[in-house]
Amino acid sequence: MNPSPHAPLSATDRTRVRRGSHRAVTDRAVLWQVLDAGLVCHLSTVVDGSPLVLPTGYGRDGDTLYLHGSTGALSLRTAAAGVEVCVAVTLLDGLVYARSVFNHSMNYRSAVVHATAVPVLDPPAKLAALRVITEHLTPGSWDHARPPTDKELAKTAVLAVDLAEAAVKVRAGGPGDDEADVAAGTAWAGVLPIRTVYGEPVPAADLEPGRPVPGHVTAARPR
């Protein structure tokens, strides 16, 4: 059973925000919003005694995050063995220019999740998880494209990451300049917004002539 989106996030030693604690957000709904707005997460684990961080696509279903990759990927095999992992998603919303270099900053939304990854092995459950990932990254594709074959499914590793232990930080707004720098008026201050936009779809070189771009592709919007 998934928790309420307004249930508070956990406050463990690993998720307690110590630096910039005023930017910590404890509403679980904000965690979900950050994850739903992102496309790439960074999976961190320890492989053969050394830290390893890799970017990967993901999808969320309730309070579970699904990651996928090749069964041959050492990082996924290690994570599937029951070791602790850390998953991070960061959305950059703007560069903050201050009157002093020290007070320059960024506007962002970030989520950090700590968990023991669980491999999804049951074929129907794996298909359901892959649908979640596919529909998050490319909405509408699961019903449009060919589904995975048994052979393809066997080559694909899927991990489930529980979102029970997570931390969220958000910064928004303008620079926090010192009063003396504001009074001096020697530099410009403000925010340069950053946003993600989708370009025009580019058909594959071997696509048959005349096939139109499907609606689920043209409907993609900035996140």
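Reader: Thanks for walking me through this one. What percentage of the 223 residues of the protein chain count as buried?

Author: Happy to start there, and please keep in mind that this is a predicted model. A residue is called buried when its relative accessible area is under 20%. Of the 223 residues of the protein chain, the share that meets this cut-off is 31%.

Reader: How much surface does the protein chain expose, and what share of it do carbon and sulfur atoms supply?

Author: The exposed area of the protein chain is about 13,100 Å². The part of it supplied by carbon and sulfur atoms is 59%.

Reader: How many helices and strands does the secondary structure come to?

Author: Both kinds of element are present in the protein chain. Among them are helix α1, at residues 28-37, and strand β2, at residues 40-47. The full tally is seven helices and ten strands.

Reader: Among contacts between residues at least 6 apart in sequence, what percentage join residues at least 24 apart?

Author: A contact here means heavy atoms within 4.5 Å. Taking the contacts between residues at least 6 apart, the portion that joins residues at least 24 apart is 72%.

Reader: Let's go inside. Which element gives the most to the largest nonpolar core?

Author: The largest nonpolar core has 28 residues, and Leu31, Leu35, Leu65, Leu67, Val87 and Val161 touch the most other members. Elements that each supply at least two residues include β4, β5, β6 and β8. The top contributor, with six residues, is α1.

Reader: Is α1 largely enclosed or open, and why?

Author: The buried residues in α1 are Arg28, Ala29, Val30, Leu31, Trp32, Val34, Leu35 and Ala37. That makes eight of its ten residues buried, so the rest of the structure leaves α1 largely enclosed.

Reader: Which residues of β8 does Leu67 touch?

Author: Leu67 is one of the core residues that touch the most other members. Leaving aside residues up to four places away in sequence, its contacts include Cys41, Leu43, Tyr58, Val87 and Ile133. Strand β8 covers residues 156-162, and the contacts of Leu67 in that range are Ala157, Val158, Leu159 and Val161.

Reader: How many bridges join β2 to β3, and which residue in the turn has a positive phi?

Author: The two strands run antiparallel and are joined by eight bridges. One facing pair is Val40 with Gly57 in β3. The strands form a hairpin with two residues between them, and the turn residue with a positive phi, about 55°, is Asp48.

Reader: And in the hairpin of β3 and β4, which residue takes a positive phi?

Author: Strands β3 (residues 50-61) and β4 (residues 64-70) are antiparallel, with four bridges between them. Tyr58 has Leu67 as its bridge partner, while Arg60 stands opposite Leu65. Two residues lie between the strands of this hairpin, and the one with a positive phi, near 65°, is Gly62.

Reader: Over how many bridges do β4 and β8 pair?

Author: These strands pair in the antiparallel sense. Gly69 stands opposite Ala157 in β8. The number of bridges between β4 and β8 is seven.

Reader: On to side-chain pairs. Which residue forms a salt bridge with Asp36, and what parts does the pair tie together?

Author: The count of salt bridges comes to seven. Asp36 is partly exposed, at 31% relative accessibility; its salt bridge has an N to O distance of 2.8 Å. Asp36 lies in helix α1 and its partner in strand β3, so the pair ties together parts that are 24 residues apart in sequence. That partner is Arg60.

Reader: How far apart are the closest N and O atoms of Arg131 and Asp143?

Author: Arg131 is partly exposed, at 35% relative accessible area, whereas Asp143 is exposed at 61%. Their salt bridge has its closest N and O atoms at a separation of 3.2 Å.

Reader: Last one: which residues form the aromatic pair, and is Trp188 buried or exposed?

Author: There is one aromatic pair by the count used. Tyr97 and Trp188 form this edge-to-face pair, at 5.9 Å centre to centre and 70° between the planes. Tyr97 lies in strand β5 and Trp188 in the loop between α6 and β10, so the pair ties together parts that are 91 residues apart in sequence. Tyr97 is partly exposed at 32%, while Trp188, with a relative accessible area of 59%, is exposed.

How values were computed. Residues are numbered from 1 along each chain as its sequence is written. This is a predicted model: local features need pLDDT of at least 70, side-chain atom pairs count only at pLDDT 80 or more; totals for chains, interfaces and linings use all residues. Side-chain values use heavy atoms; hydrogens and water are left out. Two strands pair if DSSP finds at least two bridges between them. A nonpolar core is a set of buried Ala, Val, Leu, Ile, Met, Phe, Trp, Tyr and Cys residues joined through side-chain atoms within 4.5 Å. Buried means under 20% relative accessible area, exposed over 50%, partly exposed in between (1.4 Å probe, protein chains only). Accessible areas come from the Shrake-Rupley method with a 1.4 Å probe; for residues, only the protein chains shown count as cover. Rings of Phe, Tyr and Trp (its six-membered ring) pair if their centres lie within 6.5 Å; planes under 30 degrees apart count as stacked, over 60 as edge-to-face and the rest as tilted. A salt bridge is a side-chain nitrogen of Lys or Arg within 4 Å of a carboxyl oxygen of Asp or Glu.
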